[in-house]
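Colleague: Could you pick one part of this model and take me through it closely? I'd also like to hear what lies beyond it.

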Amino acid sequence: MILFDNVTKRYPLGNIALQNASFEIKDHEYVFLVGASGAGKTTILKLLMREMLPTEGTVTINDLEISSPQFKTIETLRRSIGMIFQDFKVLPDKNVFENIAVSLKIMNATKTRIKDDLAEALSLVGLSEKSLMFPAQLSAGELQRVAIARAIVGDRDIILADEPTGNLDPKTTWEIMKIFKKLEGKKTIIIATHNTDVVNSLKKRVIILEQGKIIKDIKKGGYDL
Amino acid sequence: MNDILTSIRRTPYQSLAAFLVLFFTLFLSMVLFVSISFLQGLLQYVDTRPQVTAYFQVKTPESEIFKVRDELTASKKVLSLEYVSKQKAYEIYKSLNKDNPLLLEMVSSDILPPSLEIYALQPEYLPQIAEYLKKQPSVEEVNFQKDIIDRLLTLTQILRTTSSVFFAYLLLMGIIVLTATSMFKIALKRDEIELMRLLGATAWYIRKPFLMEGAFLGFLAATFSFGLLFGILMYLNTFLTSYLHGIPNLSLSIMSLSLVVWPLNPLFMGITFAIAAVFGIGIAAIANLLATEKYLK
C-alpha cells in the first residue's frame, strides 16, 4: 500500500511542486494521475522512486517510510518498482533482449531466470520476434513496449509510468494501454498522463492535480478539469 | 570479459590513452626498480668483499705474512682476516677464467701474489689498517674498498631518493590522467548509469564494469611493459655479462631471504612482473574508483 500523508515539496527557489497531498493507493490498484504540465504528477512519481525527499509530510510504501532521511535501502525499494518514461530511456547500443535484461542483471538474476522472465515479458508486450533488434530499428511504440517489458520483469510490485503515451500516435497509444490492461490486478499501476481519451475511456481511479494540489480523487472517474 | 572488450571497442581512443599512460608509468617504474635492485645487489656484493686487501710481493715467505697477520689480529681492530696463498689465488683465478683456456695457460701459481683479506671491526679502523699495511716492506699493494663503497652508497641513495620522487610523480600523474579518462567514459554512459540507478542498481554494480575494465587495462599494460623491459634486458645481457665479469651473482637480502637479481633469474623477473601487475591494477582501480565516486555523488 502506498500512502502520501500531507506531502509538500517545495524547491529551494520557493516554487511549490506539491502541496499537502494526501492519498492512499491499495495493492494492485490502477490509478491515473492527471493534470496540466507542472501540476505535480512527476513530483509524485519521483517521491515514490525516492529521487527526491518531501519538504513536509511522509511517503510510505508497505509500512516503510521511504521519505525518512534514515531510509537507506533505496536500491531495494527501486527494485520493487518498475518505471516507464515518456522518452523510453532505452539504451541505443543494446538490443531489445539486453535492454530488458539490464533490469534483471542488477538483481543478480541467473541466466536461466533472465531467459525465462524475458521470454514471458517479450510475449506480453508482443516483441518476441524482435528481441535481437536494436533501438534504431524499432518504432516509437515498440520502444515503449521495450520500456514496459523492462519495468515489469523481476517481479516488481509497482509500475510507475510517466506520460507513457506522450510521444505516441492514438493507435499505438491504445496498443500500449492494452498491455497495461493485461497487468491490471497483478501489480499496482500508477500512470501520470494528460491523455483525455485514455483516462475517460478506461474509467479507473483518477487523482486530479492542479498547481501542486489534489483537487479531485475519483474512484471511477474521467479527465474532468 | 566480453563486456570489457565491448567497452574498449566502443571507446577505443579513451582506452588507448589509459593503456599508454599505464604502460609508460609501469615501464619507467620497472626500469627504476630493476636499476635500484642491481645497484643494491652490487652494493651488497662489494660490501661482502674484503674491505682491505694487502698483496704481498711474490717471493715473500709465509712466515713474514703470518707475522703481519698476527700483529693485525693482536691490534683488536680486525673482525676477521683471511690468508690467500699463491695456490689459493691460482684456484680462484682458474675458477674465474675457466672459459678461457688461453688465460689459464699463461698463468701459473708462481706469478700470483699471496694476500691478506681483512674485515675491520669498525669502519673507522680501515684507514689505520691500510696505513699499517702500506708501511710493511713486503706489501706490494693495498686495495682499500672504502671509497668504492662510499660512492656506491651515495649513488644508491641518490637513485633511491630520485626514484621515490619520480615514482610518486608517475603515480600521481597516472591516477589523474586515468581518472579524467574514466570520467569521460562514465559521461558517455551517463544515461545508462542513470537508468541503472532508477532500476535499483547498487553503487558497486555500477562501478564494477569500470573497475574491471581498469584492472584489465592495468594488467595488459603491466604485461606489455614487462615484455619490453625483458626484451631490453635480454638485449643488454651480453654487455652486462662482460661488464659484470668476475661477479658470480648480485643478490638482494630481503629479511632473511636472498634474492638473486643477476644473472637474470625467473624469481626476480616474476616478482618484478607481479609488482608491476599489482601497481597497474591498483592505479587503474583507484582512478576508476575516484571517477565513479565523483559521478555517483
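Modeller: I'll start with a sheet in one chain, then move on to the chain contact and the packing.

A word on the ground rules. This is a predicted model, with local features needing pLDDT of at least 70 and side-chain atom pairs counting only at pLDDT 80 or more, while totals for chains, interfaces and linings use all residues. Residues are numbered from 1 along each chain as its sequence is written, and chains are lettered from A and ligands numbered from 1 in the order in which they are written.

So, the sheet. In chain B, 4 strands make an open, antiparallel sheet, ordered 2-3-1-4. Strands here are DSSP runs (E, at least two residues), as are helices (H or I, at least four), numbered from the N terminus. Two strands pair if DSSP finds at least two bridges between them. Strand 2 (78–84) and strand 4 (139–144) of chain B sit at the edges with a single partner strand each, so one side of each has no neighbour in the sheet. From one strand to the next, the twist averages 15°. Strand 4 of chain B is joined to strand 1 (residues 52–56) of chain B by 5 bridges, running antiparallel, and B:Thr53 stands opposite B:Asn143 there. Across strand 1, strand 2, strand 3 (115–120) and strand 4 of chain B lies helix 6 (residues 126–134), at about 165° to strand 4. Axes are lines fitted to C-alpha atoms, for helices over the stretch in contact, with angles from 0 to 180 degrees between N-to-C directions.

Zooming out, chain B has 10 helices and 6 strands. Of its 297 residues, 26% are buried; that takes 20 or more other C-beta atoms within 10 Å of a residue's own, with exposed at 12 or fewer and partly exposed in between, all C-beta atoms being placed from the backbone. B:Arg207, in helix 9 (residues 203–243) of chain B, counts as buried because it has 22 C-beta neighbours inside 10 Å. Its C-alpha atom is 7.9 Å from that of B:Asn288, 81 residues apart along the chain.

Now to where the chains touch. The contact (C-beta atoms, placed from the backbone, within 7 Å) takes 11 residues from each of chain B and chain A. On the chain B side, helix 8 (residues 190–199) gives the largest share, 6 residues. Helix 8 of chain B is also among the elements covering the buried residues of helix 3 of chain A, along with helix 4 (111–125) and helix 5 of chain A. Those buried residues in helix 3 (residues 96–105) of chain A include A:Val96, A:Ile100 and A:Leu104.

Helix 5 (residues 140–152) of chain A leads to the packing: with 7 residues, helix 5 gives the most to the largest nonpolar core. That core has 59 residues, and A:Leu48, A:Ile84 and A:Ala147 are among those with the most contacts inside it. A nonpolar core is a set of buried Ala, Val, Leu, Ile, Met, Phe, Trp, Tyr and Cys residues joined through C-beta atoms within 7 Å. Beyond its neighbours within four places in sequence, A:Ala147 touches A:Ile84, A:Phe85, A:Phe88, A:Lys89 and A:Val90.

Note on methods. Contact = placed C-beta atoms within 7 Å.
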